[in-house]
Amino acid sequence: MPDDLQWMTRALELAQRSVGLSSPNPAVGCVLVQGDGSLVGEGVHEYDKLDHAEIAALKGAGEKARGATAYVTLEPCSHQGRTGPCADALIAAQVSRVVVATGDPNPAVNGQGLAKLRAAGISVTTDMLRDQARALNDGFAKHIRNGLPFVTLKAGLSLDGRIAPASVPAGQTHYITSEASRTIVQRMRHASDAVITGVDTVIADDPLLTDRSGLRRRRPLLRVVLDSSLRLPVGSKLVKSAQGDVVAFHASANSDRVWALEDAGIRLERIEAVDGHVSLPAVMKRLGERPVLNAMLEAGPRLNSSALVSGVVDKLCLFYAPCFLGADAVPLLAGGRIAAPIERISWKTVGDDVCLEGYLRDPWA
């Protein structure tokens with residue numbers, strides 16, 4: 001129905017507002033609409049404010065919620081958590097209909113909220129703009145099922161698959177992609193709980209890896225460095241800007257380096273090594289325990305290849321700039337062909353660039 005699309009689109013806009021504010025809970029939006037088409041309540045979920053989106057919308061609507069249609073981007077919960085079940089609240093408010101974008105990704109409770117609503121005589125419509133709603137909560141879906149973060153490998157590259165020129169003068173930053181692409185990357189960082197890189201990238205590029213979107217976030221962006229032998233420079237921007245938000249995973253027994261980095265404010269976690277490098281699956285397990293739901297991988301060719309080979313990457317986001325850098329430039333991947341079948345591939349133009357997105361695995365499957 002046209003009106004359903006309109007109001008679910010509005011609910012998704014609200015859910016987008018809770019990105020960065022709801023983790024480790026899902027980003028959810030809810031809209032309450034009366035039969036005459038009047039908007040009577042809307043809400044988003046912010047973790048620290050406790051109320052789920054449905055409860056916030058119901059409080060705003062008051063008595064006007066009776067007989068209204070509720071548009072919710074995620075199945076109303078049916079169980080007692082930090083707050084009461086949202087399905088029960090909708091029933092108590094006597095809404096007449098509930099339109100849901102997608103079911104709960106938790107197999108233990110999937111469908112139970114919808115069953116409660118139907119048992120109470122409420123009409124239920126499902127899968128309205130489902131894919132758009134799921135994209136907002138890929139990280140929640142992955143984490144609620146197996147306790148691991150949803151990892152997106154992001155890179156800006158030339159048309160010949162190079163991520164950096166062969167050489168860049170010291171102290172200079174060379175951007176391949178457009179300002180529009182870099183703005184999107186900042187929004188991607190805002191939507192992430194952690195950004196991951198390798199020590200080689202820190203040494204070569206001296207990045208900050210901060211969230212510069214200007215948007216509110218509940219938790220600081222965790223900046224993660226994979227540094228098997230603790231080569232992280234104490235004078236790097238990453239270390240100098242650390243405020244308890246930089247963690248380095250390592251496999252080193254060098255106590256002098258450990259003390260130097262800890263004195264500089266870096267959180268160190270020693271982890272098992274595989275072929276001389278920290279185990280990526282073990283790193284993801286540790287991050288999932290924090291809990292990190294969404295992680296961005298912004299790294300060099302060796303770490304990119306290792307992440308793909310080890311199977312920790314869930315999604316690719318590649319920004320192609322209209323240029324060629326040549327055979328001597330830095331490649332996206334190290335080594336030969338990597339078997340990583342990509343599904344649900346999509347393209348969009350971003351400024352002068354083209355962005356390719358594709359899933360290596362579906363966290364909702």
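1. Cysteine 77 is buried in this predicted model, with a relative accessible area of 10%. Its sulfur lies 3.6 Å from the closest cysteine sulfur, that of cysteine 86, and because this is too far for a bond, the two do not form a disulfide, for which the sulfur atoms would have to be within 2.5 Å. Cysteine 355 is likewise in no disulfide, the nearest cysteine sulfur being that of cysteine 317 at 3.7 Å; cysteine 355 is also buried, with a relative accessible area of 1%. The count of disulfides by this rule comes to zero.

2. The largest nonpolar core holds 33 residues, and those that touch the most other members are Val224, Leu226, Leu287, Leu297 and Val313. At least two residues of this core come from each of β6 (150-157), β8 (194-198), β9 (222-226), β10 (246-250), α11 (280-288), β14 (294-297), α12 (301-310) and β15 (315-320), with α11 giving the most, namely five residues. For a view of one member, leucine 287 can be followed outward: residues up to four places away in sequence aside, leucine 287 touches Pro149, Ile196, Leu222, Val224, Phe249 and Val292.

3. Helix α7, which runs over residues 179-190, has twelve residues and reaches 17 Å from its first C-alpha to its last, close to the 16 Å expected at 1.5 Å a residue. Which residues of α7 are buried? They are Ser181, Val185, Gln186, Met188, Arg189 and His190, and the buried residues of this helix pack against the strands β6, β14, β15, β17 (343-350) and β18 (353-359).

4. Threonine 69 belongs to strand β3, which covers residues 69-72, and counts as buried because its relative accessibility is 12%, where the limit is under 20%. Apart from neighbours within four places in sequence, threonine 69 is in contact with Val31, Leu32, Val33, Ser96, Arg97 and Val99.

5. Arginine 218 sits in the loop between α8 (199-205) and β9, and at 26% relative accessibility this residue counts as partly exposed. Once residues up to four places away in sequence are set aside, arginine 218 touches Gly20, Leu21, Ser23, Pro24, Tyr47 and Asp48; with one of these, serine 23, there is also an approach between polar atoms, since the backbone oxygen of serine 23 lies 3.0 Å from a polar atom of the arginine 218 side chain. Measuring from C-alpha to C-alpha, arginine 218 and aspartate 328 are 42 Å apart in space, and 110 residues separate them in sequence.

Note on methods: Residues numbered from 1 in each chain as written. Predicted model: local features only at pLDDT ≥ 70, side-chain atom pairs only at ≥ 80, totals over all residues. Heavy atoms only, no water. Core = buried A, V, L, I, M, F, W, Y, C linked by side-chain atoms within 4.5 Å. Buried < 20%, exposed > 50% of the residue type's maximum accessible area, 1.4 Å probe, protein only. Helix = DSSP H or I, 4+ residues; strand = E, 2+ residues; numbered from the N terminus. Contact = heavy atoms within 4.5 Å. Polar contact = N/O pair within 3.5 Å; in protein donor to acceptor, adjacent residues only side chain to side chain. Expected span 1.5 Å × (residues − 1).
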